[in-house]
Amino acid sequence: MTRLLLVGPPGAGKGTQAAILAETFGVPAISTGDIFRSNVANETLLGLQVKAIMEAGEYVPDALTNEIVADRLSQADARVGFLLDGYPRTIDQVNELDRILATDNTALDVVVLLEADTDVVVARLLKRANEQGRADDTEEVIRNRMDVYAEQTSPLIDVYDKRHLVVRVDGLGAVADVTARIVDALAARGLASA
Ligand code: AP5
């Protein structure tokens, strides 16, 4: 069983690494951003509720986000473990994840903090804006996403640091090099790939 969190600022490479690590460790990658985006694309009730919030680079309310994650973690494939990408992002979400895991008598193994310079991540997101046209990849919204991350999510690092769960990984360089750093850091914590 492997239960991991990937944390880091917008553009740090969480989604990219989550997809690779999910294969490597044989667990589902669960991205709240992807869940919300797919609901927006399909114009579901949830999608209609979150569209404007996401386009502004703000956070979806905790109650809504927590409900979605609780439901997703209750599905059969998450019994073998999971890799959460982009959740929790607020203290309230940390508390909810604690509650969910306590119900199952489980706990997190490691929190991977992907670190990357602001200039680099902004350049990555502007490049993606050109390639994919993601609605929240405009320069103004990227700046707001960075601010929201700094205000609401970076304090979570302290919370998990106090639990001795955080490993810091340099998110700069080639994707494969970043993956190798994460795999090495997890191995040092006793987490072997599948
Ligand atoms: P989310 O989708 O999680 O967006 P984010 O955190 O802003 O992250 P990104 O997807 O932009 O970046 P990433 O770190 O995943 O990097 P990626 O691998 O994509 O959330 C979107 C929104 O949903 C939020 O703003 C909020 O509204 C809502 N939301 C989601 N979760 C929520 C929650 N828990 N609570 C409340 N609201 C929530 O890479 C970025 C780019 O860089 C890509 O083009 C990629 O190809 C490229 N790249 C990646 N790695 C490298 C590398 N090593 N070298 C060069 N390029 C690279």
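**Exercise 1. Strand β3**

Which residues of β3 are buried on one side, and which on the other? Determine also which strands pair with β3.

*Solution.* The model under study is predicted.

Step 1. Strand β3 covers residues 81-85, and 5 of its 5 residues are buried.

Step 2. In a regular strand the side chains alternate between the two faces of the sheet. Accordingly, the residues are sorted by side: Gly81, Leu83 and Asp85 are buried on one side, while Phe82 and Leu84 are buried on the other. Both faces of β3 are thus covered.

Step 3. Strand β1 runs parallel to β3 and is joined to it by 5 bridges. Within β3, Phe82 is the residue that stands opposite Arg3.

Step 4. Strand β2 (residues 29-31) also runs parallel to β3, with 3 bridges between them. Here Ile30 has Leu84 as its bridge partner in β3.

**Exercise 2. Helix α8**

Identify the buried residues of α8 and state how they are arranged about the helix axis.

*Solution.*

Step 1. Helix α8 spans residues 155-162, and its buried residues are Leu156, Ile157 and Tyr160.

Step 2. Viewed down the axis of α8, these buried residues fall within an arc of 105 degrees, so they line one face of the helix.

Step 3. The general rule is that an α-helix has 3.6 residues a turn, so residues three or four places apart point the same way.

Step 4. The cover over the buried residues of α8 includes the strands β1 (2-7), β4 (110-115) and β5 (166-170), together with the helices α5 (91-103) and α7 (139-153).

**Exercise 3. Backbone geometry in the loops**

Locate two residues other than glycine with a positive phi, and one cis peptide bond.

*Solution.*

Step 1. The background is that most residues other than glycine have a negative phi, and most peptide bonds are trans.

Step 2. Glu43 has a positive phi, near 55 degrees. Glu43 is found in the loop between α2 (32-41) and α3. With a relative accessible area of 63%, Glu43 is exposed, since the cut-off for exposed is over 50%.

Step 3. His164 has a positive phi near 60 degrees. The place of His164 is just after α8, in the loop that leads to β5. The relative accessible area of His164 is 63%, and this residue is exposed.

Step 4. The peptide bond from Tyr87 to Pro88 is cis, with omega near 0 degrees. Pro88 belongs to the loop between β3 and α5.

**Exercise 4. The ligand and its surroundings**

How many residues surround the ligand, and which polar atoms of the protein lie at 2.7 Å, 3.0 Å and 3.1 Å from ligand atoms?

*Solution.*

Step 1. The ligand is surrounded by 30 residues, of which Thr16, Thr32, Glu58, Arg89 and Arg145 are the closest.

Step 2. A nitrogen atom of the ligand is 2.7 Å from a polar side-chain atom of Thr32. A polar backbone atom of Gly13 lies 3.0 Å from an oxygen atom of the ligand. For Arg134, a polar side-chain atom is 3.1 Å from an oxygen atom of the ligand.

Step 3. Taken alone, the ligand exposes 1000 Å², and the protein buries 87% of that.

Step 4. Arg134 also has a partner within the protein: its side chain makes a polar contact of 2.8 Å with the side chain of Asp136. Asp136 lies in the loop between α6 (118-132) and α7, and is buried at 8% relative accessibility. Leaving aside neighbours within four places in sequence, Asp136 is in contact with Met54, Val141, Ile142 and Arg145.

**Exercise 5. Contacts across the sequence**

Compare the C-alpha separations of the pairs Glu55 and Val80, and Leu191 and Thr2.

*Solution.*

Step 1. Glu55 and Val80 are 25 residues apart along the chain, and their C-alpha atoms are separated by 34 Å. Glu55 lies in helix α3 (residues 45-56) and is partly exposed at 35% relative accessibility. Beyond its neighbours within four places in sequence, Glu55 is in contact with Ala135 and Val141.

Step 2. Leu191 and Thr2 are 189 residues apart along the chain, with C-alpha atoms separated by 7.4 Å.

Step 3. Leu191 lies in the segment after α9 (175-188) and is buried, with a relative accessible area of 12%. Not counting residues up to four places away in sequence, Leu191 touches Thr2, Leu4, Phe25, Asp109, Val110 and Leu186.

Notes
Residues are numbered from 1 along each chain as its sequence is written. This is a predicted model: local features need pLDDT of at least 70, side-chain atom pairs count only at pLDDT 80 or more; totals for chains, interfaces and linings use all residues. Side-chain values use heavy atoms; hydrogens and water are left out. Buried means under 20% relative accessible area, exposed over 50%, partly exposed in between (1.4 Å probe, protein chains only). Helices (H or I, at least four residues) and strands (E, at least two) are DSSP runs, numbered from the N terminus. The arc is that of the directions from the helix axis to the C-beta atoms. Contact means heavy atoms within 4.5 Å. A residue is near a molecule or strand if one of its heavy atoms lies within 4 Å of it. A polar contact is a pair of N or O atoms within 3.5 Å; within protein, one must be able to donate a hydrogen and the other to accept it, and residues adjacent in sequence count only if both atoms are side-chain atoms. Accessible areas come from the Shrake-Rupley method with a 1.4 Å probe; for residues, only the protein chains shown count as cover. Two strands pair if DSSP finds at least two bridges between them.
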